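Me: Hi! I'd like to learn how to read the empty spaces, the core and the odd backbone spots in a protein model. Could you walk me through one?

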Amino acid sequence: MGLSKASCCVSLLQLFIVVSLVFQCYANKLDADLNATLIVNASDGSGRPIPDTLFGVFFEEINHAGAGGLWAELVSNRGFEAGGPNTPSDIDPWTIIGNESFVNVETDRTSLFDRNKVALRLEVLCDSKGDNICPAGGVGVYNPGFWGMNIEQGKKYKVVFYVRSTGSRSLTVSLTGSNGVGNLASTVITASASDVSNWTKVETILEAKATDHNSRLQLTTTTKGVIWLDQVSAIPLDTYKGHGFRNDLAEMVAALKPRFIRFPGGCFVEGEHLRNAFRWKATVGPWEERPGHFGDVWMYWTDDGFGYFEFLQLAEDLDALPIWVFNNGISHTDEVDTSVISPFVQEALDGIEFARGDPTSKWGSIRASMGHLEPFDLRYVAVGNEDCGKKNYRGNYLKFYSAIKQAYPDIQIISNCDASSHPLDHPADFYDFHIYTGASNMFSRANAFDRASRSGPKAFVSEYAVTGNDAGTGSLLAAIAEAGFLIGLENNSDVVSMISYAPLFVNANDRRWNPDAIVFNSFQLYGTPSYWVQKFFSESSGATLLNSSLQTPPSSLLASAIRWQSVDKRNYIRIKVVNFGTNTVNLKISLDGLDPNTVHQTDKSVLTSANVMDENSFSQLKKVVPIQTSSEAVGKDISIIVPPRSFTSLDLSKQPSNLKMPGSDSPTRSSM
């Protein structure tokens, strides 16, 4: 039986109304606020200690993080070695000033330094008088640094270079604008023929009389003859604690209060081929004598000014423990057989001696000669990076483990093999755990260590990040998912001892990996939302994890609670809540065992934004940053609104027992 056209229209209309009502009810249900309760045992003596080392940072030479970043050297390819050992070679980014009728420029192998023999030879054809007069300003070369040198008015810059010449020489050293126009600072170096007939080191201080964020260093002359240049350096006099690190970037790291720093990688420590792996012995001693190397994983040259010694110094400056990752004879494409791994084992032992040895020891004396007489506090080493699946890893690992434990029984050794779901088949103090994944999967990994063995080696989650489309170049969505993962790790801190995000830095001019925690160029920087998430956890290391439980929570909600003490000995309870869902949650927090009279202020910080894919940028440095509000003392129960796609941190400040609350005639009581 069929329907008339009119009946059919009525039926369709009725169906549309029913479907619309169902959809509206469903939508209203989705939009409705959710309710949950967090119960925290805040009584004295409750909870368990969190490892002092829980949160730290991981530095890898990726994205020009060090060369052109944290390491404050302004000159790129300062030793002219980046073009390789064969000459003539490419001198990029060095560029000639003057045409071929005035000057010929090439490289040769006449350097003073045995480990980096390439030097720059300039044959100056023009002169200050005669038939071929040099152009105004002279001829020579300039270096633009790493996408422009940041030169700031009133600041001083130390320029060092080595020079040799066939005759007397007048050489102008200057900092100019990117096109060579505008003299920010300059000096003229004059020398007799006898002064520069052999390689001579020249040092000068330039004080900038103007600011230019895209400057360059020039070395020019108007004197005919042949001149050689090598190992040209320019570095600000004002660096972090005077040790050569760019102040603003180092301070961004220091603000995370890292308890450790892992170095130097990452894939950088392996190399695509072993011949290009990071080898610590080539990165210590005078900077002029370091050969540098091509990082063939991230595909750029580094002069290794930021070497093994500088890493140890940075860790000390940050009051963080160094975690040294060394090559175990394995790269991405080649492996040393266990039967011949002994030289690599000795190299690792020598590296530990460099850090910890007496200043009279072979390698300890080299450290002492670099200005650090006392040993560094090296307690942790990692045998390779992500090499567990390689054919020779276990055999090589056991050789390293045995030799290191025999020579340094207290050194804690980190294996590349994951033991979160099954026991290791070799001895280790820690096992390395890396995770890069999408946002939903990262959030779901909050319980990854719930069932991990509580005996045996502890976990070092040394690399984690949301990647892919969810991450963009540093989205809120990625940060919120990571925050949920970190809450899970914090709640499992009896088995997870160390955690670090990766990568730490990216120079915006050379993005080899997305996302990253700190973005910078020659003069600007900002933290991605993932950076700000890490700041929420900066007080967790060495704190007390309080017992807490969420009652009837939505699956999108995670929380933790800690008790911590500030540098000035003030006591706090911090509650962290992640809402990964799209609904607002009304959260009631019940603080059992806490005298409400001892709480005199509550500080709430919320990290969220209008769009889940919002990011920070150089034009909007703080588009996605925590917003903080404060309120007066609260009672035992607190109610807060947790926005969708957000991370909320609540700090309850405890009143010392000898202080009075405003308007009170008697001292407050303290339960802490």
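Reply: Gladly! Keep in mind that this is a predicted model. Let's begin inside, with the second largest cavity, which holds about 70 Å³ of space.

Me: How does one find such a space, and which residues line the second largest cavity here?

Reply: The general idea is simple: rolling a probe the size of a water molecule over the atoms shows where empty space is left. In this model, the lining of the second largest cavity is made by Val 269, Phe 278, Arg 279, Trp 280, Trp 324, Val 325, Phe 326, Asn 327, Phe 344, Glu 347 and Ala 348. Two elements, strand 18 and helix 5 (342-356), give two or more residues each to that lining. By class, the lining of the second largest cavity has eight nonpolar residues, one polar and two charged.

Me: How many cavities of 30 Å³ or more are there?

Reply: The count comes to six cavities of 30 Å³ or more. The largest cavity has about 90 Å³ of space. It is lined by 13 residues, and Phe 55, Gly 56, Val 57, Leu 256 and Gln 534 are the closest to its centre. The lining of the largest cavity divides into eight nonpolar, four polar and one charged.

Me: And pockets? What volume does the largest pocket have?

Reply: A cavity is a place the probe cannot get out of, while a pocket is open. The largest pocket here has a volume of about 660 Å³. Its lining counts 26 residues, with Trp 71, Ile 235, His 243, Gly 244 and Trp 287 closest to the centre. To see where the wall comes from, look at strand 9 (156-165), strand 12 (200-207), strand 14 (225-236) and helix 4 (308-317), since each supplies at least two lining residues. The lining of the largest pocket is made up of nine nonpolar, nine polar and eight charged residues.

Me: What about the second largest pocket: which element gives the largest share of its lining?

Reply: That is helix 4, with three residues. Strand 18 (321-326) and strand 29 (557-565) also supply at least two residues each to the lining of the second largest pocket. This pocket has a volume of about 550 Å³ and 25 lining residues, among which Lys 257, Pro 258, Arg 259, Leu 318 and Asp 319 lie nearest its centre. Its lining has twelve nonpolar, six polar and seven charged residues.

Me: Now the filled parts. Which residues touch the most other members of the largest nonpolar core?

Reply: They are Tyr 308, Phe 449, Phe 505 and Phe 647, in a core of 117 residues. Helix 9 (residues 476-491) brings the largest share of this core, eleven residues. To get a feel for the packing, click on Tyr 308: its contacts include Phe 263, Phe 278, Trp 280, Trp 324 and Leu 378. Apart from the largest core lies another of 37 residues, with Phe 80, Met 149, Leu 219 and Ile 227 among them.

Me: How do I read which side of a helix is buried? Where do the buried residues of helix 2 fall, seen down its axis?

Reply: An α-helix has 3.6 residues a turn, so residues three or four places apart point the same way. In helix 2 (residues 247-254), the buried residues are Leu 249, Ala 250, Met 252 and Val 253. Seen down the axis of helix 2, these fall within an arc of 155 degrees, so they line one face of the helix. The buried residues of helix 2 pack against several elements, including strand 3 (57-58), strand 24 (505-507) and helix 10 (529-536).

Me: Last topic: the odd backbone spots. Which peptide bond has omega about 0 degrees?

Reply: Most residues other than glycine have a negative phi, and most peptide bonds are trans. Here, the bond joining Thr 87 and Pro 88 is cis, with omega about 0 degrees. The bond from Asp 92 to Pro 93 is cis too, with omega near 5 degrees. Pro 88 sits in the loop between strand 3 and strand 4 (95-97), and Pro 93 is placed in that loop as well.

Me: And phi? Is Asn 63 buried or exposed?

Reply: Asn 63 has 0% relative accessibility, so it counts as buried. Although Asn 63 is not a glycine, its phi is positive, about 60 degrees. Asp 319 also has a positive phi, of about 55 degrees, and is found in the loop between helix 4 and strand 18. At 68% relative accessibility, Asp 319 counts as exposed.

Terms used. Residues are numbered from 1 along each chain as its sequence is written. This is a predicted model: local features need pLDDT of at least 70, side-chain atom pairs count only at pLDDT 80 or more; totals for chains, interfaces and linings use all residues. Side-chain values use heavy atoms; hydrogens and water are left out. On a 1 Å grid over the protein atoms alone, a cavity is a set of points where a 1.4 Å probe fits but cannot get out, and a pocket is an open set with protein on both sides within 12 Å along at least five of seven lines; lining residues have an atom within 4 Å of a point. Grid points are joined across faces, edges and corners, and a volume is the space filled by probe spheres set on the points. Helices (H or I, at least four residues) and strands (E, at least two) are DSSP runs, numbered from the N terminus. Ala, Val, Leu, Ile, Met, Phe, Trp, Tyr, Cys and Pro count as nonpolar, Asp, Glu, Lys and Arg as charged, and the others, Gly among them, as polar. A nonpolar core is a set of buried Ala, Val, Leu, Ile, Met, Phe, Trp, Tyr and Cys residues joined through side-chain atoms within 4.5 Å. Buried means under 20% relative accessible area, exposed over 50%, partly exposed in between (1.4 Å probe, protein chains only). Contact means heavy atoms within 4.5 Å. The arc is that of the directions from the helix axis to the C-beta atoms.
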